[in-house]
Amino acid sequence: MASPFQPLLATVMRLRGTTACLIVDERDGVIVDSTLQFGMRGNVFAALISSLYRKAKQSAASAGMGDASFVQLEAELGRVCAVGRDGLVLIAVADPKANLGLLRVELLKAREALA
Amino acid sequence: MADEIRALSDELASNPASQAFLRLGELLRQRGELDAAARVAHRGRERHPASAVAHDLAARIALDRGDSASASDAWQAVLRLDPAHPGAHKGLGFIAYRSGRLRDAADHLARAAALDQADASIAKALALVQGALDQSGAAPPASPPSQAPARRSSIGLSLFSDLAAGAETVLLLDQNGLVLAGSAPVDGADRSAEIGAHLSGISEEADRAMRHLDLGAWKTIVIEGPMASAALSPAGEGGLVMVTAPRATPLGLLRRMLDRAAERGRTWLEEGA
């Protein structure tokens with residue numbers, strides 16, 4: 001059965017350089033829906049990134065930054081971006097060739113559809 | 001209670017590897033039989049050296065016996081096994097407060113509060129310590145020289161002072177999220193300990209996530225909020241540097257500030273090692 005999030009995932013996955021996209025429960029890191037590359041261990045990754053997102057959000061609140069809207073983790077060979085709303089986190093994995101500006105805009109747009 | 005103590009003692013006698021020592025030690029502690037409780041906890045720690053709860057039991061018994069040094073050692077052992085153990089942070093915060101180390105107390109209690117939001121006693125203790133810090137003029141960290149080299153203590157407050165222009169917060173945190181240098185002024189109060197508590201473990205999680213994806217080492221984390229943006233990067237020894245700036249600050253400039261702060265933090269850690 002297709003989840004209501006499939007169109008949202010498909011939109012993000014269409015962006016150049018995006019290699020995976022997941023919607024995760026912010027509190028426990030359980031995957032709600034995802035589009036992953038073959039062989040990718042989504043469960044562990046989802047749990048780690050949702051925890052990282054939660055910590056980023058809490059630290060941002062403590063630092064007086066307000067509710068964090070966009071979190072980006074940059075690594076040597078790619079990046080992971082996350083947006084959240086109403087207890088859900090939308091996570092995208094992208095390679096270095098991805099257009100970060102476009103990915104950010106699409107994720108922030110998609111955030112509005114999370115609920 | 002006496003029957004349960006007898007039953008647990010019998011169980012432990014027939015199976016010394018049993019976890020029954022945890023309940024037995026706790027019951028003896030509650031009855032005020034502290035010497036017996038300490039013996040049980042000691043044997044339990046010897047048999048189960050990787051058990052955080054065994055060290056936690058020993059710490060609570062030591063504190064009841066008035067042995068703060070042993071309690072502190074045992075809770076430090078708990079944190080080496082489980083850095084997110086709220087009871088250990090609470091206990092260390094209490095010991096630090098009692099010995100007048102208000103900054104350390106605030107650090108530990110803020111971490112405990114972040115880890116166990118249901119325990120109202122932690123929030124009350126934190127408010128008490130924060131009030132004492134505010135009254136004392138607050139800023140200098142009260143770590144005794146035996147715990148931190150004097151050079152680090154004296155430089156910690158001013159390490160990033162010339163980088164702070166344009167930035168709201170510049171912080172250097174250790175691998176446990178404890179503040180090594182810098183400050184985070186928010187609404188007139190320094191929130192650095194609270195921020196550090198929330199960020200505890202984030203570097204390790206980023207490392208693990210990147211390993212799962214084969215993306216190499218992580219370089220930066222950028223957080224965007226409606227009022228400000230933050231950037232974090234590794235700073236050596238498992239630590240982190242965090243810089244925040246108003247939302248209007250271009251992200252490229254924020255990254256430059258982060259790079260400079262991270263470089264300075266790494267150098268400082270290397271020189272102080």
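In this predicted model, strands E4(A) and E5(A) form a hairpin with two residues between them, and A:Asp86 in the turn has a positive phi of about 50°; strands here are DSSP runs (E, at least two residues; helices H or I, at least four), numbered from the N terminus. Residues are numbered from 1 along each chain as its sequence is written, and chains are lettered from A in the order in which they are written. Local features need pLDDT of at least 70, side-chain atom pairs count only at pLDDT 80 or more, and totals for chains, interfaces and linings use all residues.

Strand E4 (residues 78–85) of chain A is joined to E5 (residues 88–94) of chain A by seven bridges in the antiparallel sense, two strands being paired if DSSP finds at least two bridges between them. Within this pairing, A:Gly84 stands opposite A:Val89, and A:Ala82 has A:Ile91 as its bridge partner in E5(A). A:Ala82 also stands opposite A:Val71, which belongs to the antiparallel pairing, over five bridges, of E4(A) with strand E3 (residues 70–75) of chain A. E3(A) and E4(A) likewise form a hairpin with two residues between them. Seven of the eight residues of E4(A) are buried, that is, with 20 or more other C-beta atoms, placed from the backbone, within 10 Å of their own (exposed, 12 or fewer; partly exposed in between).

These strands belong to an open antiparallel sheet of 10 strands, in the order E2(A)-E1(A)-E5(A)-E4(A)-E3(A)-E5(B)-E6(B)-E7(B)-E1(B)-E2(B). Strand E2 (31–35) of chain A and strand E2 (179–183) of chain B stand at the edges, each with a single partner strand, so one side of each lacks a neighbour in the sheet.
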